[in-house]
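Let's take a walk through this structure together, one piece at a time. Keep the 3D view open and turn it as you read.

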Number of protein chains: 2
Amino acid sequence: MGEFELIRRYFLRGASSPGAGGGSGADAADGGTGAGAVVLGIGDDCALLQPPEPGQLLAVSSDMLIEGRHFFAGTEPAAIGHKALAVNLSDLAAMGAQPLGFTLAIALPAIDENWLRGFCGGMFSLAARYRCPLVGGDTTRGPLAISITVMGQVPAAQALRRDRAQPGDEVWVSGPLGGASLAVEWRRQGITGSGPHESAARRLDWPEPRLELGQQLRGIARAAIDLSDGLAGDLRHVLAASSGALELCAELTAEDIPVDPCLAHLPATQALSQALSGGDDYELLFTALPQDHQAIRALCPTARMIGRIRVGSGILLTGRDGKTAPVEATGFDHFSG
Amino acid sequence: MGEFELIRRYFLRGASSPGAGGGSGADAADGGTGAGAVVLGIGDDCALLQPPEPGQLLAVSSDMLIEGRHFFAGTEPAAIGHKALAVNLSDLAAMGAQPLGFTLAIALPAIDENWLRGFCGGMFSLAARYRCPLVGGDTTRGPLAISITVMGQVPAAQALRRDRAQPGDEVWVSGPLGGASLAVEWRRQGITGSGPHESAARRLDWPEPRLELGQQLRGIARAAIDLSDGLAGDLRHVLAASSGALELCAELTAEDIPVDPCLAHLPATQALSQALSGGDDYELLFTALPQDHQAIRALCPTARMIGRIRVGSGILLTGRDGKTAPVEATGFDHFSG
């Protein structure tokens, strides 16, 4: 099987193909994946998309996943396909954007049809749920590398930027933390099991992009970011981006940080540390005015208010004992490890 | 140096950074690279771009370059940076689109500052010439892989698609062919030199995307594609895409095919074969009505009319001896070799 047959057999599914006849055929080309914006899909030099609606901006993000770094060799291919798209959709979620489509550039060591079937199944299933069609890309031979670029639209004035936190804002996370990084530890040690092990593995392999929530937070959240590097690291990104003439800090309350239930077997301090520093959970971290507290609780039952933005420096954590100390944990860095 | 310092030191140059203050700061953030469309550049979850102008479509293309497959190990890093962007811009050229910006996802085996300086120099120099700013991306550790997604805009009715060739169209190429693939052969054999060797190496390492020509051909070319896989292979893509109820063929005249001067030392038949089947030249192949012949010659002095589209099958070549024979050569396929 050659490159073109590979594309035809695996990647045209869930994508709209050319020849549908200009803009008029776009609806017909929509295979349930939301290809309404796609005028010309896979098969030409470029894809052609209807631009964002008037008053909206084009939101764009690229993430690359490498075997052995972003996922373990031997990970279920459907999970790899899901996660490669999910981490990109999570970036759209963190801007409050709605997906328009994505491109996939993939290097494969060889053509393994079972692997491709699984990978495409996971990827296209997520794409269909969020109406985000594959519009183009590139396939080549090489060490397994998956690079996705996702495009979306967001009303110009309502994009959720990370540089808009202000003193007095409440700090929120959209769901439980620490599960994905615990799964990494367990997998490194070869530990498997049911219950919390399955639950943690699901957090790591099948992250759910918080797209609906991101869009619901337009006009409510002041600053937002998705939790890929870990709560402490990503919160530092928000503080650094939002600090101007005034340097900002975050005061967090330990007992309010939502620790993933699969960490229940750990001593409380260790579980909290994992929730603070562990990456890959893909929940949203956002700040908002206190007056929007109830609205946010109503929007997102799993969201927890974990602290406040103040003038100051760093991240301060108040424990159950009432003592406050700076958080030293940093986020994940691909070149420091 | 960590991931964030690496991004700050190398990739913020030639890119517009966030914090420029909504749309109003976009001009100030334009470092000579045409960031006028960029509302929010590198540093947030997504880049935010002004959408294409009214009546225009968004054109998107992704290409991935792998060391040892798309470029030789040891290639000058500036050339790698140039080519990684050039092959993507060439896809915009082949649609008649004007660049808006690009994302870069790159896996690096290690941080080599000399390499990064060269790579970014080559990439950003080309980006500045075509006013195509870097708007976002991803850096990670892994076997060297470079994945670029480029975005552009093109008037909806004037996009140069590959599926619009019709019987009677003249077939054109925008410049000399065969040089890049000859450079690949010479490099494999370790042959270096001045004159034709330098000229061929330049074709391979520093391809020039035909962006102005692509935009000038709006409303003139009927079908277009960029020559990445080779003339015969890419012409076959045009014929396949354009064939409907009528199957189309191309009748080419051997003496009209512009053979790169660096092939002058080869026997005529071998040089012609290289021009027909060698890839990586990144000239444009397009078809147009005979009535536009003079207009095209005036637009592009290096363009050559090489044949005609007819009803039929395959590619037929008429040699200097007046004999006509089918062309068997196919284009490059990453998984067939």
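Before we start, one term: two strands are said to pair if DSSP finds at least two bridges between them. With that in hand, look at strand β8 (residues 221-226) of chain B, which is joined to strand β10 (residues 284-288) of chain B by 5 bridges, the two strands running antiparallel. If you want a spot to zoom in on, find B:I225, whose bridge partner in β10(B) is B:L285. Keep in mind throughout that this is a predicted model.

Is β8(B) enclosed or open to the outside? To answer that, we need a cut-off: a residue is buried if 20 or more other C-beta atoms lie within 10 Å of its own. In β8(B), 6 of the 6 residues are buried, so this strand is largely enclosed by the rest of the structure.

Now zoom out to the two chains. Turn chain A by 180 degrees, with 0.0 Å of shift along the axis, and it superposes on chain B with an RMSD of 0.0 Å. The two copies are thus related as by a two-fold rotation axis. Which residue of chain A comes closest to that axis? It is A:P51, with its C-alpha at 3.0 Å.

Next, see how the chains touch. On chain A, 64 residues are in contact with 64 residues of chain B. The biggest contributor on the chain A side is strand β3 (residues 56-66) of chain A, which gives 10 residues, the most of any element. Sorted by class, that side of chain A has 33 nonpolar, 18 polar and 13 charged residues. And 98% of the interface residues of chain A are also interface residues in chain B, so the copies meet through the same surface.

The chains also share strands. Strand β2 (residues 47-49) of chain A is joined by 3 bridges to strand β3 (residues 56-66) of chain B, and the two run antiparallel. Here A:L49 stands opposite B:L58 in β3(B).

You can trace a whole sheet that crosses from one chain to the other. Its 6 strands form an open sheet in the order β5(A)-β4(A)-β6(A)-β3(A)-β2(B)-β1(B), with mixed pairing. Which strands sit at the edges? They are β5 (134-141) of chain A and β1 (38-40) of chain B, each of which pairs on one side only. Going from one strand to the next, the twist averages 20 degrees. At the chain B end, β1(B) pairs with strand β2 (residues 47-49) of chain B in the antiparallel sense over 2 bridges, and B:L40 has B:L48 in β2(B) as its bridge partner.

Let's stay within chain A for a moment. The chain is divided into domain 1 (3-157) and domain 2 (160-326), and their centres, taken over C-alpha atoms, are separated by 28 Å. Where they meet, domain 1 of chain A puts in 19 residues and domain 2 of chain A puts in 20. On the domain 1 side, helix α2 (residues 77-95) of chain A supplies the largest share, 12 residues. That side divides into 11 nonpolar, 5 polar and 3 charged residues.

Helix α2 turns up again when you look at helix α5 (residues 196-205) of chain A. The residues A:A200, A:A201, A:R203, A:L204 and A:D205 of α5(A) are buried, and the buried residues of this helix pack against α2 and α4 (179-188) of chain A.

Two last stops are single residues. Most residues other than glycine have a negative phi. A:D280 is not a glycine, yet has a positive phi of about 75 degrees. You'll find A:D280 in the loop between α8 (268-277) and β10 (284-288) of chain A. With 23 C-beta neighbours inside 10 Å, A:D280 counts as buried. In chain B, B:D280 likewise has a positive phi, near 75 degrees.

The other is B:V327, in the segment after β13 (324-326) of chain B. Buried, exposed or partly exposed? With 19 C-beta neighbours inside 10 Å, B:V327 counts as partly exposed. Leaving out residues up to four places away in sequence, B:V327 touches B:A232, B:L276, B:I315 and B:L317.

Notes:
Residues are numbered from 1 along each chain as its sequence is written. Chains are lettered from A and ligands numbered from 1 in the order in which they are written. This is a predicted model: local features need pLDDT of at least 70, side-chain atom pairs count only at pLDDT 80 or more; totals for chains, interfaces and linings use all residues. Copies are superposed by least squares on the C-alpha atoms of residues with pLDDT of at least 70 in both. Two residues are in contact if their C-beta atoms, placed from the backbone, lie within 7 Å. Helices (H or I, at least four residues) and strands (E, at least two) are DSSP runs, numbered from the N terminus. Ala, Val, Leu, Ile, Met, Phe, Trp, Tyr, Cys and Pro count as nonpolar, Asp, Glu, Lys and Arg as charged, and the others, Gly among them, as polar. Axes are lines fitted to C-alpha atoms, for helices over the stretch in contact, and angles run from 0 to 180 degrees between N-to-C directions. Domain bounds come from an automatic or database domain assignment. A residue is buried if 20 or more other C-beta atoms lie within 10 Å of its own, exposed if 12 or fewer, and partly exposed in between; C-beta atoms are placed from the backbone.
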